[in-house]
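Trainee: I've got a structure open and I'd like to learn how to read its domains and its interface. Can we walk through them together?

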Protein chains: 2
Amino acid sequence: MDNFTFYAPTYFAFGKETENETGKYVKRFGGKKVLIHYGGGSVIRSGLLDRVKTSLSKEEISYVELGGAKPNPRSGLVYEGIELCKKEGVDFILAVGGGSAIDSAKAIAAGAVYDGDFWDYYQGKAVEEALPLGTVLTISAAGSEGSADSVITNENGMFKRGASGEALRPKFTVMNPELAKTLPPYQTACGITDIMAHLYERYLTNTKEVEVTDRMIEALLLTMIQEGTRIMEDANNYEARANIMWAAMMAHNNSCGVGRTQDWTSHVIEHELSALYDCAHGAGLAVVMPAVFTYNMHHDIMRFAKVAVRVWGCEMDFEHPGRTAKAGIEALRNFLISIGMPKNFAELGAKEEDIEKMAHIACFGDVNTGSIEGFVKLGQKDVEAIYRLML
Amino acid sequence: MDNFTFYAPTYFAFGKETENETGKYVKRFGGKKVLIHYGGGSVIRSGLLDRVKTSLSKEEISYVELGGAKPNPRSGLVYEGIELCKKEGVDFILAVGGGSAIDSAKAIAAGAVYDGDFWDYYQGKAVEEALPLGTVLTISAAGSEGSADSVITNENGMFKRGASGEALRPKFTVMNPELAKTLPPYQTACGITDIMAHLYERYLTNTKEVEVTDRMIEALLLTMIQEGTRIMEDANNYEARANIMWAAMMAHNNSCGVGRTQDWTSHVIEHELSALYDCAHGAGLAVVMPAVFTYNMHHDIMRFAKVAVRVWGCEMDFEHPGRTAKAGIEALRNFLISIGMPKNFAELGAKEEDIEKMAHIACFGDVNTGSIEGFVKLGQKDVEAIYRLML
């Protein structure tokens with residue numbers, strides 16, 4: 001196991017009606033003038049935004065609002081939010097929504113106390129300072145509610161890039177699984193896929209003998225398979241939503257990713273798809289993961305056989321472990337198809353003629369250096385071959 | 001899943017030589033005058049205490065010392081520590097050792113800023129204030145390094161009781177698995193047993209449909225079986241020590257115990273054994289757990305069958321699930337025997353004639369109300385019957 005540090009000081013309030021306590025938590029973490037940042041209609045239609053505002057007013061906390069956060073959140077709205085914060089003297093950011101609203105809120109939080117262009121942080125500059133931030137979570141997927149990361153798409157060139165820094169970790173997160181039950185099944189399935197991707201990206205490591213984190217990742221994958229299936233059968237199943245909501249946070253707060261190298265190749269390759277076609281991140285990952293894993297499988301057959309046996313219940317073929325490894329990837333693909341995810345470029349709306357361009361940006365784009373350095377080091381030709389496996 | 005809150009803001013620095021950074025962390029969390037609290041000779045002999053002191057001096061942090069913390073830590077030393085803190089104007093407590101030194105340090109931290117008798121906290125009063133506390137961990141067992149709990153034995157009457165409160169959670173914990181390698185095998189095995197008990201106490205719940213936390217607990221139990229076996233074969237196996245050290249913390253910081261009722265019957269019943277005979281807590285638990293589980297098994301056969309199949313690899317007997325449940329308990333008992341733990345009263349040094357007295361104290365003692373309210377509600381006659389299963 002590699003040396004590491006781990007620090008996850010987010011306060012979680014989990015369960016029914018917890019959104020009504022939002023004001024109390026903002027107050028506890030020092031917020032007096034809040035920017036509420038959210039996405040679109042559903043947060044308003046469901047009455048959630050009103051309940052959150054009521055809880056703020058009860059604590060005599062004033063607020064301004066900025067709606068319009070979109071999947072694959074864009075830099076334009078971030079600039080707008082930063083300006084609003086500076087003009088209004090905002091001292092606390094409250095994201096109400098899923099990963100898009102939260103990631104966009106994190107970018108605003110960092111930009112509001114920075115003299116330069118916030119995009120610097122998405123070009124590799126470490127985030128060392130930001131306004132404090134809280135979240136009211138409505139979608140189990142991104143894990144941003146418990147992480148120190150944020151991903152934003154720059155409209156100027158369609159680069160989708162991430163920033164990191166402890167200052168981006170939410171002070172508190174309100175998690176009411178009921179808030180997710182009005183999600184369309186497709187979005188629920190995209191969330192399930194994203195969570196499973198966060199687990200696979202950590203599972204695919206070159207660090208040896210990390211059984212404790214291997215086992216925890218496997219536990220969370222098994223949970224996603226069982227509870228993911230249940231929730232697709234019955235969107236109103238509170239218990240399934242609750243299990244998934246906690247699993248999503250645990251999958252990405254890095255308690256099961258410590259002390260080991262991680263992959264993140266599937267995310268890098270997917271980001272080009274959602275930047276170019278604006279497809280849902282989870283849907284892109286469903287197409288990308290089986291292709292990446294098939295291409296990289298031979299780098300460590302036993303690791304892929306392990307997840308196949310322990311998570312997917314495949315029989316171990318002791319004479320031909322490669323067959324077991326492959327069966328595990330097929331099982332993942334079939335599970336993702338079963339919950340309604342696309343399986344190839346055509347179903348995703350991606351185009352073969354863009355492959356070279358996407359592979360080039362993934363390897364040589366604004367901040368990259370000619371290759372993707374994950375579980376396996378991949379050059380542009382490798383990435384092109386991976387995209388071709390998705391045709 | 002029940003509503004819950006979760007907040008675990010301990011900073012963990014994990015890996016080789018991390019103890020040399022202790023001073024840096026004390027400084028980060030505001031310590032200027034430190035009480036170093038530790039156990040006995042091994043911390044001195046190994047040079048660890050000197051390395052910690054050097055790291056404090058490097059940051060120009062002054063300190064006083066109090067050694068002598070013992071397994072089943074006693075109230076007498078706590079009073080001594082509290083007095084020392086008040087006399088010397090200590091503003092930060094640093095525990096160097098295992099659960100005993102840490103729990104004793106937590107009691108000192110709470111008592112040093114309290115006008116009454118610190119023992120009030122161990123009689124049910126919530127700990128709302130304490131001096132900030134850091135730990136340098138040398139033994140994987142108690143999980144106190146990441147928890148908000150502390151257990152102390154009152155010499156006056158031999159009551160072993162626990163206190164809880166967020167103020168007791170360490171600000172930071174330094175975890176170098178190498179520090180544990182000089183432990184005698186018996187103590188390593190006691191630690192393994194204690195960690196597994198923390199997992200079982202959470203697993204035995206009356207809350208339905210908590211798959212995510214069930215799976216995480218199973219993952220950590222599986223880790224303990226695999227890595228526990230390895231470490232008993234080779235005390236110098238760094239990787240096994242590292243896996244166990246992280247598993248021990250995860251087993252008790254409550255991330256896998258949220259949203260569900262928990263048991264803690266085995267701990268209550270064991271506390272009477274270690275209070276009376278001063279046996280190692282883990283050794284006591286090894287004798288207690290199989291007896292408690294055998295007695296309570298019929299309350300929820302399927303839960304015991306689940307852990308038997310998923311953790312112990314037992315075949316599910318679909319016609320007679322009770323046979324599977326029992327096989328799982330037998331597998332646990334055999335594993336504990338295999339790592340050198342005692343299996344009955346005789347091997348533990350406990351006496352049949354004390355059963356009635358211990359059962360009475362467990363049920364009616366200083367703070368109890370006539371029964372143990374855990375997975376199954378148990379009266380004195382039940383507890384006596386459980387002790388008799390250990391003969």
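Mentor: Sure. First, a term: domain bounds here come from an automatic or database domain assignment. Bear in mind that this is a predicted model. In chain A the assignment gives domain 1 (11-180) and domain 2 (185-388).

Trainee: What separates the centres of domain 1 and domain 2 of chain A?

Mentor: Taken over C-alpha atoms, those centres lie 26 Å apart. The contact draws on 21 residues of domain 1 and 27 residues of domain 2 of chain A. On the domain 1 side, strand β8 (residues 159-164) of chain A contributes the most, with three residues. That side holds nine nonpolar, eight polar and four charged residues.

Trainee: Now the two chains. How do I read the way chain A is laid on chain B?

Mentor: The general idea: two copies of a chain are related by a rotation about an axis and a shift along it. In this case a turn of 180 degrees with a shift of 0.0 Å along the axis lays chain A on chain B, at an RMSD of 0.0 Å. That's the relation of a two-fold axis. The same surface serves both copies, with 100% of the contact residues of chain A recurring in chain B.

Trainee: Which residue of chain A comes closest to the rotation axis?

Mentor: A:Pro9, with its C-alpha at 2.0 Å.

Trainee: And how many residues are in contact between the chains?

Mentor: 35 residues of chain A meet 35 residues of chain B. The largest share of chain A's side, 10 residues, comes from α7(A). By class, that side has 18 nonpolar, nine polar and eight charged residues.

Trainee: Which strand of chain B is joined to β2(A)?

Mentor: β1 (residues 4-6) of chain B, antiparallel and through three bridges. There, A:Phe12 stands opposite B:Phe6.

Note on methods. Residues are numbered from 1 along each chain as its sequence is written. Chains are lettered from A and ligands numbered from 1 in the order in which they are written. This is a predicted model: local features need pLDDT of at least 70, side-chain atom pairs count only at pLDDT 80 or more; totals for chains, interfaces and linings use all residues. Copies are superposed by least squares on the C-alpha atoms of residues with pLDDT of at least 70 in both. Two residues are in contact if their C-beta atoms, placed from the backbone, lie within 7 Å. Helices (H or I, at least four residues) and strands (E, at least two) are DSSP runs, numbered from the N terminus. Ala, Val, Leu, Ile, Met, Phe, Trp, Tyr, Cys and Pro count as nonpolar, Asp, Glu, Lys and Arg as charged, and the others, Gly among them, as polar. Two strands pair if DSSP finds at least two bridges between them.
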